[in-house]
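Let's take a walk through this structure together, with the ligand as the starting point. Have the 3D view open as you read.

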Amino acid sequence: MNKKSKQVVIPQSWNEADKQLTSEAVFKQRRNILSLLGLTAVSTSLPGAVQAGIFDLFDDEKVPVVANLNTSINTQFNGKDVLTPLAKVTTHNNFYEFGTAKTDPSENAKNFNGDPWTLTVSGLVDKPITLGYDDLYKIFALEQRNYRLRCVEAWSMVIPWDGFSLATLLSYVGVNNKAKYVAFETRYDPEIFPGQKNKLLGGGIHYPYVEGLTIEEAMNPLTFMAVGLYGNKLLGQNGAPIRLVVPWKYGFKSIKSIAHIRLVDKQPPTSWNQLAPHEYGFYANVNPQVDHPRWSQASERRIGPGGLFSTKRIPTQMFNGYGEWVADLYQNIDLTRNF
Ligand code: MTE
């Protein structure tokens with residue numbers, strides 16, 4: 001453990017594996033709907049299961065979603081999973097730039113506006129580029145893929161992401177053969193991201209948030225740059241306007257609101273590894289056989305549709321179930337040491 005990690009207090013929300021049954025945001029939405037209907041007083045006097053049944057009836061997750069992005073459906077990587085409702089995908093978030101509680105990002109990103117934005121791709125490439133906000137939706141054809149997202153805290157969702165593969169972007173700039181890693185950096189702007197200037201809100205992370213992949217991981221067809229979900233542009237809390245999605249790795253690898261991508265020849269630093277190197281490695285592949293030092297990774301709480309039955313505990317799959325596409329990448333690597 002280095003000197004820095006000794007001084008850091010691990011944010012409260014990561015001190016325990018996820019235990020909530022119903023996220024606070026979902027609970028609040030239901031209460032709002034009930035209070036509009038004048039049902040709050042009645043419902044709070046009812047037993048829990050009956051209350052949950054009433055909540056279920058009024059779940060706004062049943063409201064149809066109108067898609068605006070011009071995206072084509074790619075079912076190649078879809079499993080049999082049931083999608084997590086939009087209301088939950090957008091209110092149960094980890095985005096420490098907006099605060100460490102699950103509901104902080106949706107509350108604190110209400111006025112977020114990603115336009116204007118610049119995304120630079122530089123380093124060991126043939127043709128460095130700077131993309132503007134509109135380019136993100138125009139330069140590459142958008143497709144939609146359903147991916148499981150497994151957070152290291154042991155909760156998971158299934159999300160239809162809209163975007164393009166990172167390989168498409170990297171091929172566009174041309175990768176120099178000296179490039180061994182890809183380094184990602186979230187935009188640094190404390191005026192937009194209050195957690196970057198307020199240590200308590202930002203959970204002790206040294207900002208900007210950074211992440212990295214090997215070049216082989218980056219070029220894997222699963223590795224995705226998302227600009228939308230459920231057919232609409234990303235909201236601030238989900239990493240607008242552009243984020244990474246690496247479905248076989250723990251969610252913290254899927255860095256949000258990216259401003260810089262650099263192709264480099266040395267393994268780049270990553271935020272959670274810097275904060276607690278004994279707990280979070282560079283690879284962070286989903287692996288039910290390697291427990292987090294403070295909790296088991298054998299199972300996860302899947303956040304799905306419905307009130308009473310909206311969460312269930314299911315076994316965690318190796319590589320989050322994406323082994324057929326990625327297991328080869330780690331054939332000669334000891335995943336117990338390289339966690
Ligand atoms: N990216 C940045 N910049 N800051 C963050 O705090 N949190 C990560 C990841 N990307 C995070 C981030 C974690 S821990 C998870 S689980 C996912 O985002 C959550 O993505 P979601 O909120 O869209 O579900």
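The paragraphs below go from the ligand to a strand, and then to some loops.

A word on the ground rules: this is a predicted model, in which local features need pLDDT of at least 70 and side-chain atom pairs count only at pLDDT 80 or more, while totals for chains, interfaces and linings use all residues. Residues are numbered from 1 along each chain as its sequence is written, and side-chain values use heavy atoms, with hydrogens and water left out.

Start at the ligand. It is surrounded by 17 residues, and the closest are Tyr-96, Glu-97, Arg-243, Ser-254 and Lys-256; to count here, a residue needs a heavy atom within 4 Å of the molecule. By type, this shell holds 8 nonpolar, 6 polar and 3 charged residues. In this sorting, Ala, Val, Leu, Ile, Met, Phe, Trp, Tyr, Cys and Pro are nonpolar, Asp, Glu, Lys and Arg are charged, and the others, Gly among them, are polar.

Now look at individual atoms. Asn-93 places a polar side-chain atom 2.9 Å from an oxygen atom of the ligand. Its neighbour in the numbering, Asn-94, has a backbone N or O atom 3.2 Å from a ligand nitrogen atom. Ser-254 takes part through its backbone too, with a polar atom 2.9 Å from a nitrogen atom of the ligand. Taken alone, the ligand exposes 540 Å², and the protein buries 99% of that (areas by the Shrake-Rupley method with a 1.4 Å probe; for residues, only the protein chains shown count as cover).

Where does the ligand sit? It occupies the largest cavity. A cavity is a set of points, on a 1 Å grid over the protein atoms alone, where a 1.4 Å probe fits but cannot get out, and a molecule sits in one if more than half of its atoms lie within 2 Å of its grid points.

Next, find strand β4 (residues 142-150), which contains Gln-144; strands are DSSP runs of E with at least two residues, helices are runs of H or I with at least four, and both are numbered from the N terminus. Gln-144 is buried, at 13% relative accessible area (buried means under 20%, exposed over 50%, partly exposed in between, with a 1.4 Å probe and protein chains only). Its side chain makes a polar contact of 2.9 Å with that of Asp-162. Such a contact is a pair of N or O atoms within 3.5 Å; within protein, one must be able to donate a hydrogen and the other to accept it, and residues adjacent in sequence count only if both atoms are side-chain atoms.

The loops have their own points of interest. Most residues other than glycine have a negative phi, and most peptide bonds are trans. Ala-154, in the loop between β4 and β5 (155-165), has a positive phi near 80° and is buried at 2% relative accessibility. The peptide bond from Tyr-207 to Pro-208 is cis, with omega near 5°, and the one from Ala-240 to Pro-241 is cis with omega near -5°.

Finish in the loop between α11 and β12, home to Glu-279. What does the Glu-279 side chain contact? It pairs with the side chain of Arg-294 in a polar contact of 2.6 Å. Glu-279 is also buried, with a relative accessible area of 9%.

Key: 1 Å grid on protein atoms, 1.4 Å probe; cavity = no way out; pocket = protein on both sides within 12 Å on 5 of 7 lines; lining within 4 Å.
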